[in-house]
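Biologist: I've got a structure open on my screen and I'd like to learn how to read it. Could you walk me through some features, one at a time?

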Amino acid sequence: MAYELIELDRDGRVATLRLNRPKALNALNAEMMSEVARALAELEADDGIGCVILTGSDKAFAAGADIKEMVDDNYLDIYKTDRFEQNHCSIERFRKPIIAAVSGYALGGGCEIAMMCDFIIASNTAKFGQPEINLGVIPGIGGTQRLARAIGKAKAMDLCLTGRMMDAAEAEHSGLVARVVPVDDLMDTARGAANKIAGHSQPANMILKEVIDAGYELTLREGIRFERRMFQSLFATEDQKEGMNAFIEKRKPHFKHR
Ligand code: HXC
């Protein structure tokens, strides 16, 4: 089925999902996010895809949830449909590696969905923020929690309480983004990283992100125990034999379960 508000491209084992609602700076409305959820379900089921890039335009990754769509909602509309959980959070539930390639505005829900990805590569023009306080509300899809874990309480409080934006350099110093590159290099850099990831053993990739994410909810001891069990479990895969034999035989590994 065709998509109206996103573009989905496949190049080898990498899929790029581009938010495409330029007139509204990619504000995340229900239709767009249901398309994102549908596309991610399609990509999760596709064995030919090993890594996904989520991106927007040069001007905006996404300027937040669609304010015009929410303005007349009342408590029960928001509570009963729980549509943000259904669709936006499809990104946090996605089990394969997913990279956010961010240029321009990543505000409110835009910043939140970028943080749901496994890591963020930003262009030098990126601006991050949680300006919901200016609208009389607060972040609603994980912003307060993920931002504070990523950059610490002081900066998260500063950003959320003042509603100010943080530029790419500050976001990199603070630990929110993994790399900052010139805007013209953003997609090549993201594709380079995604291709590398997609060439690895897919079960190892999936388990790796599961273990790192679990660490946010476990004690150190429990996290280390989980890591050890998952490490051990990978010795049940042919890819472990292939990866280690390829090293010993000084050749590139050809993982079966990519
Ligand atoms: C709906 C939006 C929008 C948004 C921009 N637009 N952001 N529409 N929801 N979040 C629309 C504008 O209304 C305008 O449409 C067009 O996009 C261009 O925006 P401008 O404001 O004219 O552009 P500019 O002057 O360049 O300013 C860019 C901006 C500003 C700084 C990003 O648009 C802005 O502050 N946007 C809102 C950011 C925000 O508060 N985000 C948090 C949303 S709440 P027209 O038709 O007038 O041309 C949120 C809650 C998440 O995300 C929790 C639950 C998911």
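Modeller: Sure, let's start with a pair of charged side chains: Lys 256 forms a salt bridge with Glu 238, and their closest N and O atoms are 3.1 Å apart. A salt bridge here is a side-chain nitrogen of Lys or Arg within 4 Å of a carboxyl oxygen of Asp or Glu. Lys 256 lies in the segment after helix 13 (238–248) and Glu 238 in helix 13, so the pair ties together parts that are 18 residues apart in sequence.

Biologist: Before we go on, what should I know about the model itself?

Modeller: It's a predicted model: local features need pLDDT of at least 70, side-chain atom pairs count only at pLDDT 80 or more, and totals for chains, interfaces and linings use all residues. Residues are numbered from 1 along each chain as its sequence is written, and side-chain values use heavy atoms, with hydrogens and water left out.

Biologist: Okay. Is Lys 256 buried or exposed?

Modeller: Buried means under 20% relative accessible area, exposed means over 50%, and partly exposed is in between (1.4 Å probe, protein chains only). Lys 256 has 57% relative accessibility, so it counts as exposed. Its partner Glu 238 is partly exposed at 42%.

Biologist: How many salt bridges are there?

Modeller: The count comes to 13 salt bridges. One of them joins Asp 66 and Arg 21, at 2.7 Å from N to O. That pair links distant parts of the chain, 45 residues apart: Asp 66 is in the loop between strand 4 and helix 2 (67–70), and Arg 21 is in the loop between strand 2 (14–19) and helix 1 (30–45). Both Asp 66 and Arg 21 are buried. Arg 251 and Glu 242 also meet in a salt bridge, at 2.7 Å from N to O. Here Arg 251 is partly exposed at 33%, while Glu 242 is buried at 17%. You can also find a network of salt bridges linking Lys 155, Asp 158, Arg 164 and Glu 170.

Biologist: You keep saying helix and strand. How do I read those, and how do strands make a sheet?

Modeller: Helices (H or I, at least four residues) and strands (E, at least two) are DSSP runs, numbered from the N terminus. Strands of a sheet pair through backbone hydrogen bonds, either parallel or antiparallel. Two strands count as paired if DSSP finds at least two bridges between them. In this model, four strands form an open sheet in the order 4-6-8-9, with mixed pairing. Strand 4 (60–62) and strand 9 (166–167) stand at the edges with a single partner strand each, so one side of each has no neighbour in the sheet.

Biologist: Which residue in strand 8 is the bridge partner of Tyr 105?

Modeller: That's Lys 127. Strand 6 (residues 105–107) and strand 8 (residues 127–129) run parallel, and three bridges join them.

Biologist: Let's finish with one residue. Where is Pro 203 found, and what is it in contact with?

Modeller: Pro 203 is found in helix 11 (residues 202–214) and counts as partly exposed at 23% relative accessibility. Contact means heavy atoms within 4.5 Å. Leaving aside its neighbours within four places in sequence, Pro 203 is in contact with Leu 234, Asp 239 and His 257. Now try Val 181: it sits 22 residues from Pro 203 in sequence and 30 Å away in space, C-alpha to C-alpha.
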